[in-house]
Structure formats: C-alpha cells, structure tokens
Protein chains: 4
Amino acid sequence: MRCSLPVVARRPKKSTQRPTRVEKTQDTYDRLLAAAESVVGQEGYAAASISKIAAKTGVAQGTFYNYFETRQDLFDVLLPHVGQKMLDYISSAIDHHSAGSAREEARFQAFCDYLSDNSGFYRILYEAEVHAPEAHKIHIDRLVAGFRRSLDRSVERGEIKGYSKEELEAVIYMFLGARAYVAMRYIRGGGSKRKAGRDQAISAYVKLVSGGLFSS
Amino acid sequence: MRCSLPVVARRPKKSTQRPTRVEKTQDTYDRLLAAAESVVGQEGYAAASISKIAAKTGVAQGTFYNYFETRQDLFDVLLPHVGQKMLDYISSAIDHHSAGSAREEARFQAFCDYLSDNSGFYRILYEAEVHAPEAHKIHIDRLVAGFRRSLDRSVERGEIKGYSKEELEAVIYMFLGARAYVAMRYIRGGGSKRKAGRDQAISAYVKLVSGGLFSS
Amino acid sequence: MRCSLPVVARRPKKSTQRPTRVEKTQDTYDRLLAAAESVVGQEGYAAASISKIAAKTGVAQGTFYNYFETRQDLFDVLLPHVGQKMLDYISSAIDHHSAGSAREEARFQAFCDYLSDNSGFYRILYEAEVHAPEAHKIHIDRLVAGFRRSLDRSVERGEIKGYSKEELEAVIYMFLGARAYVAMRYIRGGGSKRKAGRDQAISAYVKLVSGGLFSS
Amino acid sequence: MRCSLPVVARRPKKSTQRPTRVEKTQDTYDRLLAAAESVVGQEGYAAASISKIAAKTGVAQGTFYNYFETRQDLFDVLLPHVGQKMLDYISSAIDHHSAGSAREEARFQAFCDYLSDNSGFYRILYEAEVHAPEAHKIHIDRLVAGFRRSLDRSVERGEIKGYSKEELEAVIYMFLGARAYVAMRYIRGGGSKRKAGRDQAISAYVKLVSGGLFSS
DNA sequence: AATGAATGAGAGTTCATTCAT
DNA sequence: GATGAATGAACTCTCATTCAT
C-alpha cells in the first residue's frame with residue numbers, strides 16, 4: 001500500500017513522521033547518554049548503575065549492552081561527549097575578535113554561565129579523574145590544546161612576555177585548576193552565594209590575568 | 001594475674017614494657033588510620049574495603065566496628081587526619097620570617113616536596129570530594145583559613161592592594177586549584193617530567209603571584 | 001525482474017549461476033550446521049551462543065530462528081549429523097570382505113584416524129550426553145545397532161561363542177566406552193604422545209578383542 | 001557462670017552438646033558439599049547455581065563465598081571428594097586376599113553396587129570432564145594409579161602375560177571406559193532393566209577380563 | 001575488646017528469544 | 001526469508017554490616 005503513495009512528497013529529507021530503524025537506534029543511543037549525563041551529574045559515577053540509567057532511558061537493562069560493551073565504556077565516552085558540548089557553548093559565546101585578557105575574561109564568564117545551567121557537568125568532570133581516567137585525560141588534553149593555541153597567539157602579538165614555553169604550560173594547568181576550584185566553591189556550593197560570588201570571582205580572575213600574566 | 005604486677009611500674013611515662021589497655025586501644029586506632037591512609041592512597045576510596053583495611057591492620061573485620069561506626073565514618077576522619085600532617089610539614093618547612101611572595105613561593109615549594117614523598121596524599125585529597133565530601137569541606141576550609149590569615153597580614157603590610165575581601169577569597173580558591181592541577185600534572189603524572197616540570201611550575205607560580213597578586 | 005529470466009535455464013541440474021530460493025534455504029541451513037559444528041567442536045556447547053553461530057554463518061541472529069525453533073533444537077540435530085559423517089567415513093575406510101577381529105581392528109583404526117582429523121567431533125560427542133541427551137541417545141543407538149549387526153554375523157560364522165544375546169549388548173557398550181576413553185586419553189590429550197599412544201592402544205585393543213571376545 | 005561448672009565432666013572428648021565455632025564451620029562446609037553433591041548429581045553442573053546450593057544448605061548466598069572463592073572452586077573440589085568416597089567403598093567391599101580376575105570381578109561388582117545406591121555420582125563424574133576438567137583429571141589419575149598397582153601385581157604373579165607396559169596403560173583406560181559406558185547404560189538408564197542388565201554386564205565383563213586379559 | 005561466620009541487598013553482565021520492520 | 005534492536009530473567013560475585021561467641 002505504501003508503495004502507491006507519492007514517495008517524494010511524503011518523505012522529505014528530514015521527515016519526522018516515521019522514524020526509521022536507524023533513527024530510532026541513534027535516538028536510543030542519545031537518550032542513554034543523556035540519561036547517563038543526568039544521573040552521573042546528580043549522583044556521581046558510583047551511583048550510576050546500569051539499572052538506573054536504563055530505567056531513566058526507558059529501556060530494559062539488557063538494551064544498554066546493545067550500545068555499550070560495559071559500564072566503563074559508557075563512562076569513557078561520557079565526559080568527552082559533554083565536554084565537547086561545553087566547549088561548543090564557550091566557543092559560540094565569545095566574541096571572536098576579542099583578544100588578550102578581554103578574551104580570557106569572556107571565556108571564564110562563559111565557563112561560569114555554562115556551569116550555572118549545567119550544574120551536573122562539574123561532577124562528571126571532577127569524578128572522571130577517579131572513575132574514567134582515560135576520558136579525563138582526553139578532556140584535559142583537549143582543554144590544554146585549545147588554551148595553548150590561544151596563549152601562543154597572545155605571545156605572538158606581544159601580549160604575553162617573559163614566560164618560557166614550559167612555564168606557559170604550567171600556567172595553563174594553573175588556570176584550569178583555578179577555574180575548577182572556583183567552580184567548586186561558587187557553582188557547586190549552590191545557594192544564594194552563587195550570583196554574587198560568581199561576579200567577585202570573575203573580577204578577581206581578571207585582575208590576576210591582566211595584572212600578572214599579560215604585560216601592560 | 002595482672003594483679004600481681006608491680007603497680008608502680010605499670011604506667012611509666014613512656015613504658016615500652018606492657019602497654020595499658022588505653023594505650024593498646026589508641027594504638028589499634030592509629031594503625032587502622034595508617035592502614036586506611038595506605039590503602040586509600042594507593043587504591044582509592046572505592047577499593048578500600050573494610051576487609052582490606054582490617055587485614056592490613058592485623059585485626060578482624062569486626063574489630064573495625066569497635067573503632068568506627070561505619071566505613072564512611074573512617075573516611076570522614078581520614079583526610080582531616082592526613083591533611084593536618086601535611087600542614088604541619090609545610091609549617092615546619094618554611095621560614096617564619098619570610099613574607100609576601102617569597103613566603104608564598106616557599107609554601108608552594110614545600111607543598112610540592114610533601115607530595116613527592118607522599119604520593120598517596122593527593123589521591124586521598126582528590127577523591128575525598130567524591131567519597132567524603134564532609135571531610136573535603138573540612139580540609140578545604142582549614143586550608144582557606146590559613147591562607148586567609150596569611151593574605152590578611154600581607155594586606156596590612158601593604159603587600160597586596162586593590163583586592164576586595166571577597167575577591168581575596170576567590171583568589172585563595174584559585175591558588176588552591178592551581179596547586180591541585182599542577183600537582184595532578186607534574187606530581188601524579190610521574191616519570192622523568194617530574195623534577196623539571198616541578199621547577200618550571202614553581203617559577204611560573206612565582207611570576208604569577210609576584211607580578212599579578214602582589215603590587216610591587 | 002526475475003520474471004524475465006529464461007525459464008528453461010533457470011534450473012539446470014547443477015546450476016551454479018543463480019541458486020533458487022530452495023537451494024539458498026538449504027545452503028543457509030547447511031552453513032548454520034557447519035558453523036555449529038565448528039563452534040561446538042572448539043568451544044563446547046555452553047559457549048556456542050546463537051550470536052556466535054549466526055555471526056560465523058554470516059546471518060543475523062533472528063535468521064537462526066527461521067531454521068531452528070530453539071537453540072536446543074540445533075543441538076539435538078548436530079550430533080546425529082556429524083555422527084553420520086563419521087560412520088560414513090569408517091564404512092568407506094574398511095575392507096568389506098574382512099571379518100572377525102581383523103574387521104574390528106580396522107574399525108578401531110579408522111575411528112582413531114577420523115578423530116585425529118576431526119578433533120572437534122569428540123567434544124561434540126562427549127558433551128552431548130550433558131547438553132543434548134536426546135541426540136546422544138540417537139547416536140549411541142545407531143552405533144550399537146551397527147555394532148550388533150556386525151557381531152551377529154560373527155556369531156553366525158562361529159567367530160564368537162559363549163556369549164548370550166544380552167551379554168553381547170553389554171560387550172558392545174564396553175567397547176564403545178573403551179573407544180571413548182582411549183580417545184580421551186590419546187587423541188584429546190594431544191601432544192607427542194598421540195602417535196605412539198595410538199599405536200599402543202590399537203595393539204592392546206586387538207589383543208583384547210582377539211584373545212578375549214573371539215574364540216580362536 | 002559456666003566457669004563454675006565441672007569442665008572435665010561436661011566436655012568429653014567428642015561432646016555433641018555444644019558445637020564449637022570451629023565445628024560449626026566444618027559442618028557448614030560439609031553441608032555445602034553435600035548439597036552440591038545432591039544438586040549436581042540430580043541436575044548437573046550447569047543447573048547447580050549458587051542460589052540452589054545455598055538454599056539447600058540453609059545458608060545465605062553470601063555465605064557460600066566464605067567457603068569457596070568461586071563456583072568453579074567448588075566444582076573442582078566436588079569430584080575428588082565424592083570420588084574418594086566411592087574408592088573407599090570399593091576398597092572396603094572387596095576381599096583383600098582375592099587376586100586376578102576374581103579380584104577384578106569384585107571391583108566391578110562393588111562399582112556397580114555403589115552406583116546403584118549413589119546414582120548421582122555418575123553424573124558428577126561424567127559432566128566433570130566438561131565442567132571441571134581439573135577435577136576430572138585428578139580423579140581419573142587416581143583411578144589409573146590404583147588400577148595400575150593392581151595390574152602390576154598381576155603381572156608379577158604371572159596372571160597377565162604378553163602386554164607391554166604401554167599397552168597395559170591403554171588397557172586401563174579401556175576398562176575405565178567400559179565401566180563408564182556400562183554404567184551409563186544400565187545404571188543411568190534406570191527402570192526395570194537395571195537389575196538384570198547389571199548381572200549380564202558383570203558376567204560379560206568377567207568373560208572379557210578372564211578370557212582376554214588374564215592368561216589361563 | 002576481639003573475633004570472623006553469616007547476612008542479603010545489589011551490582012554488572014549474558015543471552016535465548018521475540019517481533020516490528 | 002532476513003534483520004537486529006529490545007527484552008528480562010537469571011546468573012555469579014561483592015561487601016558493609018551484624019552478632020553470637
């Protein structure tokens with residue numbers, strides 16, 4: 001019966017009417033990841049049992065194993081997945097013509113904004129060093145690489161002076177750590193401190209960066 | 001039988017002859033903590049089962065519960081315990097007459113030294129945010145308090161200018177985070193990078209602190 | 001489209017051009033059995049999952065159930081299938097004019113030869129008593145029937161004397177058991193013992209058969 | 001209070017009044033093995049789940065793991081355990097002054113008797129080659145060793161002639177196999193055939209042994 | 001205070017089978 | 001007839017905690 005229907009008109013490129021098998025498969029995969037993001041973000045890796053994730057996804061436990069070989073496989077994929085979403089957000093949020101400390105301020109601000117709206121991300125990131133070290137390394141390496149590209153340009157422009165190549169690498173780790181602890185304190189702590197604390201943190205961060213790292 | 005012992009000799013100040021009941025109790029408690037420090041430091045909280053800790057201590061599993069109500073109780077006590085040892089070390093390692101950025105450099109250096117010799121400490125600290133959040137908060141608060149006292153003195157001396165009280169708190173968290181990530185990278189990473197990396201990190205840290213935080 | 005093919009050419013006796021639907025069905029069935037033989041022979045019944053057999057056959061899991069109602073159904077068919085191949089081999093390997101103990105020796109020799117080249121057969125047979133008792137019974141009954149025909153002829157010829165009908169049945173089982181254990185020891189054991197052990201076993205078997213069973 | 005009781009009188013060497021902890025532990029171990037013997041004997045290794053064995057023993061599932069590290073560990077211990085019981089029975093059942101084929105007949109008869117009363121033993125033995133190969137090897141080696149000692153004595157006495165050392169080893173395996181298959185047929189088969197079949201098997205076995213193996 | 005066997009809930013994982021496509 | 005995602009029951013094993021001794 002379906003054969004007699006005008007196929008061209010009924011199935012436009014992005015039909016939402018009848019999901020194909022492949023689309024459903026992709027959808028299930030996405031929903032498993034989303035469920036994992038939610039559960040791990042709220043309760044941590046240790047409490048993220050297969051049964052919880054499957055239930056939240058709305059599938060049977062066995063279905064999980066059609067998509068991931070082991071629970072660890074999911075964990076190893078989770079942080080790179082959500083980490084990329086965060087990087088995409090930051091990338092889209094900053095003005096690409098800004099430079100120097102202004103650019104760095106914008107990045108930090110975007111980072112804080114993202115965490116405010118995705119409070120689970122911090123936990124997924126933080127616990128990953130314990131529960132998914134491979135994923136953690138991948139994520140950190142990606143962050144470092146992006147950071148380094150940015151700093152290298154600043155060095156070329158003369159915005160940064162007096163730091164050796166190796167010292168700059170150390171500086172990158174320090175700033176990543178600074179970000180993480182500020183997040184831990186002001187974002188994760190939750191409550192009323194958030195808003196005010198966030199602004200104080202940003203202004204302190206800017207002073208540190210502009211006064212200490214970038215030569216005037 | 002015990003009654004026949006010479007009473008006077010039973011509790012000399014530093015008797016090594018016959019530990020009293022109280023001493024034995026204290027000793028068992030200390031050994032349980034030491035075993036926990038060793039196991040958690042090497043294998044993490046999740047793998048630190050009661051049976052492992054009890055075996056390492058040389059007591060039965062049930063004995064553990066004469067000293068701690070639950071496994072979590074032990075975890076909640078562990079980081080403050082080992083954290084204090086670290087603070088004592090740093091305190092003893094720095095010159096108490098130093099001030100400003102020189103003092104801060106000495107603290108950072110001592111921190112790095114301590115981690116080199118106590119690689120397990122980092123893991124106990126790091127995973128505590130996941131597995132013993134109460135203990136983590138206690139430890140961080142203690143660090144922050146000590147840091148703040150130091151910075152307050154620098155402000156009084158005019159070594160630091162232009163930072164509000166709240167901004168200084170943010171700065172403290174940033175430096176704690178910077179330390180932690182540098183440790184993760186250069187200390188925990190292990191291998192040949194350690195020594196060289198450590199020195200680069202210290203010099204970068206000093207530049208950041210002296211150029212950025214402390215007015216010249 | 002298929003309709004336009006020249007009808008006559010469509011089913012030549014041994015067409016290799018276009019397998020008919022029936023041929024393809026038979027072929028898939030055969031390949032499923034062959035895959036099962038390979039997997040069960042190498043890894044045993046317990047490890048012979050549907051997914052493994054289907055993968056080895058090159059079909060989807062679901063396809064399996066178009067040919068067998070359950071996994072057990074396959075197992076119940078497997079040993080009779082491969083067992084017949086063995087019997088055909090032995091039958092083709094012995095001289096049909098031989099008789100008495102010479103014939104029995106030839107059968108044992110052929111049995112050993114077959115196992116050497118089809119090491120998986122032994123496992124399919126052996127584990128069948130556990131995992132496919134029905135099939136095992138069918139196979140054993142077939143062996144016994146063939147054996148009995150042979151012994152009956154020897155009785156008629158006066159080569160065997162002094163054994164009642166029921167005792168001969170018992171003797172058959174004993175010889176089957178003897179074969180199986182010798183196989184277990186010398187064939188399955190593998191290694192250097194094989195060749196020498198096999199020859200020793202054959203000569204011992206012959207002595208037993210000729211001296212004990214067949215009157216001289 | 002118990003202290004004031006006359007200890008000597010109240011606790012004779014083998015008191016059955018108050019089992020000590022050690023006795024209870026041994027008892028639990030024994031009951032686990034007995035439960036395993038029963039379950040494996042009736043339903044086979046594959047169906048012998050921990051939960052079944054624990055339930056039959058009357059303990060929690062976890063208790064099982066205080067006595068065996070894994071399910072396989074139990075299996076590896078089961079056959080040697082029940083095998084020894086069988087050997088003890090046979091040893092106690094035969095006349096130790098008998099020799100030659102008469103002794104071998106007695107052994108076979110005792111074997112059959114044992115199987116009649118312990119029908120599960122055959123399954124534990126048979127499936128062991130599949131599910132507990134280590135245990136199977138241990139048991140078979142033990143059987144072979146005992147058999148060989150017996151045959152060696154017969155050789156010394158001149159009851160056996162014309163078999164090389166290696167051929168005798170093959171003969172041992174053949175007799176073990178013969179026994180096993182006869183057991184499979186007449187014992188396991190169950191029903192009315194048992195009694196009659198058993199006697200036929202014994203007489204056939206005797207003829208084979210006396211006429212074939214032992215020179216007259 | 002010390003012991004260690006017993007507990008039992010809950011974990012991750014497997015896989016024969018079904019069924020909509 | 002072929003597909004392969006979904007199912008869910010069943011499995012082995014772990015371990016914090018209890019309690020009689």
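Biologist: How do the elements of chain A run from the N terminus on?
Modeller: The model is predicted. In chain A of this model, the order is α-α-α-α-α-α-α-α-α-α. The count is ten helices and zero strands. A helix here needs a DSSP run of at least four residues, a strand a run of at least two. Chain A has ten runs of the helix kind and zero of the strand kind, so α is the letter throughout.

Biologist: What makes a residue of chain A count as buried, and what share does?
Modeller: The test is 20 or more other C-beta atoms within 10 Å of its own. Of the 216 residues of chain A, 33% pass, so that share is called buried.

Biologist: Among contacts in chain A between residues at least 6 apart in sequence, what percentage join residues at least 24 apart?
Modeller: The figure is 63%. Each such pair has C-beta atoms within 7 Å, so it counts as a contact despite the separation in sequence.

Biologist: Which domains does the assignment give for chain A?
Modeller: Domain 1 covers 20-68 and domain 2 covers 71-213. Those bounds come from an automatic or database assignment.

Biologist: How do you know that domain 1 and domain 2 of chain A are in contact?
Modeller: Their C-alpha centres lie 28 Å apart. Contact is judged on residue pairs, with C-beta atoms within 7 Å. Eleven residues of domain 1 and 13 residues of domain 2 meet that test, so the two domains of chain A are in contact. H2(A) gives the most to the domain 1 side, seven residues. That side divides into six nonpolar, four polar and one charged.

Biologist: How many residues of chain B are in contact with chain A?
Modeller: Chain B gives 32 residues, against 32 residues of chain A. On the chain B side, helices H7 (119-131), H9 (165-188) and H10 (193-213) each give two or more. H9(B) has the largest share, 14 residues.

Biologist: What makes a residue on that side of chain B nonpolar, polar or charged?
Modeller: Residue type decides: Asp, Glu, Lys and Arg are charged, for example, and Gly is polar. By that rule, the side of chain B that touches chain A has 18 nonpolar, seven polar and seven charged residues.

Biologist: Which residues does the contact between chain D and chain C take?
Modeller: It takes 32 residues from each of chain D and chain C. On the chain D side, the elements giving two or more are H7 (119-131), H9 (165-188) and H10 (193-213). H9(D) leads with 14 residues. The classes there are 18 nonpolar, seven polar and seven charged.

Biologist: Why are residues called near DNA strand F, and how many surround it?
Modeller: The cut-off is a C-beta atom within 6 Å of the strand. 34 residues satisfy it, so they count as near DNA strand F. Val59(A), Gly62(A), Ser49(B), Gly62(C) and Ser49(D) are the closest. H4(A) gives the largest share, four residues. The surface near DNA strand F has eight nonpolar, 22 polar and four charged residues.

Biologist: Which residues come nearest to DNA strand E?
Modeller: Ser49(A), Gly62(A), Thr70(A), Gly62(B) and Gly62(D), out of 34 around DNA strand E. Elements giving two or more residues include helix H3 (50-57) of chain A and helix H2 (21-43) of chain B. The surface near DNA strand E divides into eight nonpolar, 22 polar and four charged. Gly counts as polar, so Gly62(A), Gly62(B) and Gly62(D) fall in the polar class.

Technical notes
Residues numbered from 1 in each chain as written. Chains lettered and ligands numbered in written order. Predicted model: local features only at pLDDT ≥ 70, side-chain atom pairs only at ≥ 80, totals over all residues. Buried ≥ 20, exposed ≤ 12 C-beta atoms within 10 Å, placed from the backbone.
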